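I opened the notebook on this chain to record, entry by entry, what I looked up and what I found there.

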Amino acid sequence: MTPRRIIATAAGALATVVSFSAGLALLIFGNVISSAHLLVTISVALAPLILCAFMVGYAVWWLVLFILTLVLPEQGSPEEH
């Protein structure tokens with residue numbers, strides 16, 4: 001893997017974990033739902049939350065890779081292309 005892809009993958013993974021953790025914390029500690037229905041509500045909302053976290057991570061990965069492609073020069077020998 002090129003250094004650009006490593007940086008972009010790390011940024012995307014970090015964004016995925018942070019957005020999932022923040023969303024889960026808002027579901028649990030947001031005081032929007034009563035404690036009697038907390039487990040059911042979180043179980044139902046878990047799949048959309050994971051999907052949104054994945055989409056945020058992918059968007060960050062793509063954006064970081066795009067910016068690094070513009071900023072960093074191509075590394076490697078010309079024979080590889």
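Entry 1. I began with one side chain in this predicted model, and asked which residues Arg 4 is in contact with once its neighbours within four places in sequence are left aside. I listed Leu 65, Leu 68, Thr 69, Leu 72, Pro 73 and Glu 74 as the residues in contact with Arg 4. I placed Arg 4 in helix α1, and I noted its relative accessibility as 13%, so Arg 4 counts as buried, the cut-off being under 20%.

Entry 2. I then followed one of those contacts, Leu 72, and found that Leu 72 lies in the segment after α2. Leu 72 and Arg 4 are 68 residues apart in sequence, yet I read 8.0 Å between their C-alpha atoms. I wrote down Leu 72 as partly exposed, because its relative accessibility is 31%.

Entry 3. I stepped back to the whole chain and counted two helices and zero strands. I noted that 14% of the 81 residues in the chain are buried. Of the contacts in the chain with a separation of 6 or more, I found that 74% are between residues 24 or more positions apart.

Entry 4. Next I looked up helix α1, which runs over residues 3-29 and has 27 residues. How far does α1 reach from its first C-alpha to its last? I noted 38 Å, which is close to the 39 Å expected at 1.5 Å a residue. Past the helix I checked the backbone and found that α1 is followed by Asn 31, whose phi is positive, near 55°.

Entry 5. Which residues of α1 are buried? I listed Arg 4, Ala 8, Gly 12, Ala 15 and Gly 23, and when I looked for what covers them, I found that the cover includes α2, residues 38-71.

Entry 6. I turned to the way the two helices are packed, keeping in mind that two packed helices are described by the angle between their axes and the distance between the axes. The axes of α1 and α2 come within 7 Å, and I recorded a crossing angle of roughly 155°. Angles over 145 degrees count as roughly antiparallel, and therefore I entered α1 as roughly antiparallel to α2. I also noted that α1 passes α2 in a right-handed crossing. For the make-up of the contact of α1 with α2, I sorted its residues into 22 nonpolar, seven polar and two charged.

Entry 7. I looked up two alanines, beginning with Ala 10, which I found in helix α1. Is Ala 10 buried or partly exposed? At 48% relative accessibility, Ala 10 counts as partly exposed. I read a C-alpha to C-alpha distance of 9.8 Å between Ala 10 and Val 60, although these residues are 50 residues apart in sequence.

Entry 8. The other alanine was Ala 45, which lies in helix α2. I noted Ala 45 as partly exposed, because its relative accessible area is 22% and buried means under 20%. Ala 45 and Leu 27 are 18 residues apart in sequence, and I recorded 8.5 Å between them in space, C-alpha to C-alpha.

Technical notes. Residues numbered from 1 in each chain as written. Predicted model: local features only at pLDDT ≥ 70, side-chain atom pairs only at ≥ 80, totals over all residues. Heavy atoms only, no water. Helix = DSSP H or I, 4+ residues; strand = E, 2+ residues; numbered from the N terminus. Expected span 1.5 Å × (residues − 1). Buried < 20%, exposed > 50% of the residue type's maximum accessible area, 1.4 Å probe, protein only. Contact = heavy atoms within 4.5 Å. Axes fitted to C-alpha atoms, helices over the stretch in contact; angles between N-to-C directions. Parallel < 35°, antiparallel > 145°, perpendicular 65-115°, else oblique. Left-handed = near helix turned anticlockwise from the far one by under 90°. Nonpolar A, V, L, I, M, F, W, Y, C, P; charged D, E, K, R; others polar.
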